[in-house]
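Work through the exercises below with the sequence and the coordinates open. Each task is followed by a solution in steps.

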Amino acid sequence: MPCTGRVDVIHILRALEDGADGVYVAGCLEGECHFQTGNLKAKKRVQYVKGLLRDLGIEPERVEMYNMSASQGGRFAEVAREMVDRIKKLGPSPLRGD
Amino acid sequence: MIVAEQKPFAEIMEMLEGFQKILVLGCGTCVTVCFAGGAKEVEILSSLIRMDRKKKGQAVEIVERTLVRQCDPEYLQELSDSVGQFDAVLSMACGVGVNFLADKFSQAIVLPALNTRFMGVAEEHGVWSERCAGCGDCILDLTGGLCPVARCSKGLFNGPCGGSVHGKCEISRDVDCVWHLIYDRLKGLNRLDRLDEILPIKDWSVSPHGGPRKIVREDLKV
């Protein structure tokens, strides 16, 4: 997507419904959105999805929002490792078909 | 518009217990605009229902659909061939739509996914508040266009009461005293003389207190 402002609740839900163990949204740094507030909107939607997961009895930590600039390759890798570690600790999604 | 909000998810799942083939039915008007029961919310709620059932190991088959309106017979007619296939119809319309579905499809189990809250406005994106109580006898000409029936906590016709403090209602500091607003507005319009008149006792027989209401326009009937 050109901006995390386009991320909708249903996009995250679809990934989880299809068996993703976790979903993270990587947006630009806060205050540096090319479209002003796209990443802040995404942040609120991620928070909203966390609430929906609580309703479902699924760990809200399976969904997260991170912020980084396009030049922060190191940070991107660090976040990916952090999220993978987190999901490994949580185990497979209860929605996994297998 | 009619403003509604989704029922707690647990309540919806409790209603759906035992039903396997479910039509999740959105409405394309008021509840779309207030983000409670339009096509987008149909997708989200359907996804959540499927995930909940999957987690519990219970089968479910969901069909997602959104009608232009659920409060006009020509749109409900679109369902007449298919509604019988479903164990239940989960309507994401306001209470009007749920009622009309039940009126029109006597054999269908119709369930509400929303709580219908009020007739109101979008103050800003994500914030709605009540403006009209549908009392059936509008007096907004006398109150500067601001409604004491819908917006005064006591529904006073000759306010404000003693609970008005610095323009706020005694029930909450977040609630404006509408009589304070009415006074300020009429003062600004140089029409304070409107308040010299004591408003008479209102005829509540045209409100919901008078029983279910109906309008018949012979000129429009076909």
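Two strands count as paired if DSSP finds at least two bridges between them. The model is predicted, with ipTM 0.93 and pTM 0.94. In chain B the mean pLDDT is 96, and 100% of the residues reach 70 or more.

**Exercise 1. The parallel sheet of chain B**

Task: Find how many bridges join β2 to β4 in chain B, and place this pair in its sheet.

Solution.
1. Strand β2 covers residues 21-27 of chain B and strand β4 covers residues 88-91. These two strands are joined by 4 bridges and run parallel.
2. For the register, take V24(B), whose bridge partner in β4(B) is L90(B). L25(B) stands opposite S91(B) in β4(B).
3. On to β5(B): β4(B) pairs with β5(B) over 3 bridges, in the parallel sense. Here L90(B) stands opposite L111(B).
4. The open sheet has 4 strands in the order β3-β2-β4-β5 of chain B, with parallel pairing. Because β3 (61-67) and β5 (110-112) of chain B each have a single partner strand, they stand at the edges, and one side of each lacks a neighbour in the sheet.
5. From one strand to the next the twist averages 25°.
6. Helix α5 of chain B, residues 95-104, packs on this sheet and touches β2, β4 and β5 of chain B. The direction of α5(B) makes about 170° with that of β5(B).

**Exercise 2. The antiparallel sheet of chain B**

Task: State which strand order the sheet containing β6 of chain B has, and which strands are its edges.

Solution.
1. This open sheet has 3 strands in the order β1-β6-β7 of chain B, and the pairing is antiparallel.
2. β1 (2-6) and β7 (127-132) of chain B pair on one side only, which makes them the edge strands.
3. Neighbouring strands are turned by 70° against each other on average, direction ignored.
4. β6(B), residues 114-124, is joined to β7(B) by 5 bridges, and the two run antiparallel. Within this pairing A122(B) stands opposite W128(B).

**Exercise 3. Backbone outliers**

Task: Locate the cis peptide bond at P160(B) and the positive phi values at Q36(A) and G91(A).

Solution.
1. Start from the expectation: most residues other than glycine have a negative phi, and most peptide bonds are trans.
2. The peptide bond from G159(B) to P160(B) is cis, with omega near 0°. P160(B) sits in the loop between α6 (148-151) and β8 (168-169) of chain B.
3. Q36(A) is a residue other than glycine with a positive phi, near 80°. Its place is the loop between β1 (23-27) and α2 of chain A.
4. G91(A), just after α3(A), takes a positive phi of about 85°.

**Exercise 4. Overall dimensions of the chains**

Task: Compare the radius of gyration of each chain with the value for a globule of its length, and check the length of helix α3 of chain A.

Solution.
1. Chain A has 3 helices and 2 strands, and from the N terminus on its elements run α-β-α-β-α.
2. For the 98 residues of chain A the globule rule gives 13 Å; the radius of gyration is 14 Å, close to that value, so chain A is as compact as a globular protein of that length. The C-alpha trace of chain A spans about 40 × 25 × 20 Å along its principal axes.
3. Helix α3 of chain A (residues 73-90) has 18 residues, and at 1.5 Å a residue it should span 26 Å. The end C-alpha atoms are 26 Å apart, which agrees.
4. Chain B contains 7 helices and 9 strands. A compact globule of 222 residues would have a radius of gyration near 17 Å, but the value for chain B is 22 Å.
5. Along its principal axes the C-alpha trace of chain B spans about 65 × 45 × 25 Å.

**Exercise 5. The contact between the chains**

Task: Determine how many residues each chain gives to the contact, and which element of chain A gives the most.

Solution.
1. With contact meaning C-beta atoms within 7 Å, 12 residues come from chain A and 12 residues from chain B.
2. On the side of chain A that touches chain B, α1 (9-17) and α2 (38-56) of chain A each supply at least two residues. α1(A) gives the most, with 6 residues.
3. By type, the residues on this side of chain A divide into 8 nonpolar, 1 polar and 3 charged.

Definitions and conventions:
Residues are numbered from 1 along each chain as its sequence is written. Chains are lettered from A and ligands numbered from 1 in the order in which they are written. This is a predicted model: local features need pLDDT of at least 70, side-chain atom pairs count only at pLDDT 80 or more; totals for chains, interfaces and linings use all residues. pLDDT is the predictor's confidence in each residue, from 0 to 100. Two residues are in contact if their C-beta atoms, placed from the backbone, lie within 7 Å. Ala, Val, Leu, Ile, Met, Phe, Trp, Tyr, Cys and Pro count as nonpolar, Asp, Glu, Lys and Arg as charged, and the others, Gly among them, as polar. Axes are lines fitted to C-alpha atoms, for helices over the stretch in contact, and angles run from 0 to 180 degrees between N-to-C directions. The expected span of a helix is 1.5 Å times one less than its number of residues. The radius of gyration is taken over C-alpha atoms; the globule rule is 2.2 Å times the number of residues to the power 0.38.
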